[in-house]
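Biologist: Could you take me on a close tour of one part of this protein, the packed interior, and show me how its pieces fit together? I have the structure open and would like to follow along residue by residue.

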Amino acid sequence: MLAKGQVRVDGEVIFDAQHVVNAFSCINVAGAEIQNKQARYIMLNKPKGYVSATKDDIHPTVLELVNECYAHELHIAGRLDLNTTGLILLTNDSHWSESLTNADGGIIKKYLVTTKDPIDYEQYQRVFERGIYFKTENITTKPAKLIAINAYQCCLEITEGKYHQIKRMFGYFDNQVIELHRERIGQIELDAHLGFGDYRVITTDYMNLC
Ligand code: URA
């Protein structure tokens with residue numbers, strides 16, 4: 001079929017059996033379209049009380065906030081706790097989401113953290129840089145960067161996403177996180193115009209930033 005010129009990829013006749021395609025290539029063989037799926041990327045400002053899952057019996061899910069006919073095809077690239085707010089990325093491109101969530105990928109996630117007690121910046125930064133041992137997982141957190149705002153608010157940049165990671169990091173100092181909001185994943189910053197529960201479709205040009 002290739003030799004006969006019966007295979008088209010993204011509209012172009014392909015003769016080369018080594019030609020690389022991906023999950024979103026439009027493939028037509030002998031006049032029949034055998035694959036044509038569009039890659040979808042959405043940024044959403046997660047409100048409190050929504051669960052980062054595609055299905056849940058108790059709480060509403062972030063997927064329920066997406067009013068698009070393809071919403072059921074989407075999955076979440078990096079979850080947030082029930083009461084954490086901010087940037088959630090949704091996609092049907094698992095190659096891309098895996099590259100974002102891969103623990104070794106080193107993608108920086110930036111959070112705005114509000115605490116119950118004052119933050120001792122010098123002490124916290126020293127410990128966050130060195131890493132905190134999590135007994136349950138038998139791991140030490142990777143170096144994290146603390147950016148001062150005021151006594152009760154800071155930004156924290158981490159490159160991994162262990163269970164309740166930030167709450168546990170502040171818990172090391174017996175300091176409770178009372179508000180947590182994700183502002184950025186890699187180069188993708190939560191759009192300031194998006195209110196809680198709002199979302200917007202993002203383009204593939206934007207995706208290359210990650
Ligand atoms: N760390 C947490 O503790 N919770 C989140 O939702 C994200 C990071």
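Modeller: Happy to! A word on terms before we start: two residues are in contact here when they have heavy atoms within 4.5 Å of each other. Please also keep in mind that this is a predicted model.

Let's begin at Leu156, which lies in strand 12. Its relative accessibility is 0%, so Leu156 counts as buried. Setting aside neighbours within four places in sequence, Leu156 is in contact with Lys109, Lys110, Tyr111, Val113, Phe128, Ala144, Lys145, Leu146, Ile166, Met169 and Phe170.

Several of those names come back when we look at the largest nonpolar core. This core has 32 residues, and the members that touch the most others are Leu90, Val113, Phe128, Leu156, Ile166 and Phe170. At least two core residues come from each of strand 5 (41-46), strand 7 (85-91), strand 8 (109-115), helix 2 (121-130), strand 12 (153-158), helix 3 (165-171) and strand 13 (177-185). Both domain 2 (41-103 + 188-206) and domain 3 (109-185) contribute residues, so the core lies between them. As background, nonpolar side chains in soluble globular proteins tend to be buried together.

Leu90 is another of the core residues with the most contacts to fellow members. Again leaving out neighbours within four places in sequence, Leu90 is in contact with Arg40, Tyr41, Ile42, Leu44, Val62, Leu63, Val66, Leu74, His75 and Ile76. A second core, separate from the one above, has 13 residues, among them Tyr41, Ala77, Leu89 and Trp96.

Trp96 takes us to helix 1 (residues 94-101), where the buried residues are Trp96, Ser97 and Leu100. Viewed down the helix axis, these buried residues fall within an arc of 95°, so they line one face of helix 1. The general rule behind such patterns is that an α-helix has 3.6 residues a turn, so residues three or four places apart point the same way. His95 and Glu98 are exposed on the other side of helix 1. At the N-terminal end, Asp93 acts as a cap, with a side-chain oxygen 3.3 Å from the backbone nitrogen of His95.

Now back to the largest core and helix 2. The buried residues of helix 2 are Tyr124, Gln125, Val127 and Phe128, and they pack against strand 11 (145-150), strand 12 and helix 3. Just past the end of helix 2, Gly131 has a positive phi of about 105°.

There is an aromatic cluster here too, formed by Tyr124, Phe128, Phe170, Tyr172 and Phe173. The ring centres of Tyr124 and Phe173 are 3.9 Å apart and their planes lie at 10°, so this pair is stacked. The pair joins distant parts of the chain, with Tyr124 in helix 2 and Phe173 in the loop between helix 3 and strand 13, 49 residues apart. Both Tyr124 and Phe173 are buried.

One last stop is Asp174, found in that loop between helix 3 and strand 13. Unlike most residues other than glycine, which have a negative phi, Asp174 has a positive phi near 60°. With 69% relative accessibility, Asp174 counts as exposed, whereas Phe173 is buried.

Terms used
Residues are numbered from 1 along each chain as its sequence is written. This is a predicted model: local features need pLDDT of at least 70, side-chain atom pairs count only at pLDDT 80 or more; totals for chains, interfaces and linings use all residues. Side-chain values use heavy atoms; hydrogens and water are left out. Buried means under 20% relative accessible area, exposed over 50%, partly exposed in between (1.4 Å probe, protein chains only). Helices (H or I, at least four residues) and strands (E, at least two) are DSSP runs, numbered from the N terminus. The arc is that of the directions from the helix axis to the C-beta atoms. A polar contact is a pair of N or O atoms within 3.5 Å; within protein, one must be able to donate a hydrogen and the other to accept it, and residues adjacent in sequence count only if both atoms are side-chain atoms. A nonpolar core is a set of buried Ala, Val, Leu, Ile, Met, Phe, Trp, Tyr and Cys residues joined through side-chain atoms within 4.5 Å. Domain bounds come from an automatic or database domain assignment. Rings of Phe, Tyr and Trp (its six-membered ring) pair if their centres lie within 6.5 Å; planes under 30 degrees apart count as stacked, over 60 as edge-to-face and the rest as tilted.
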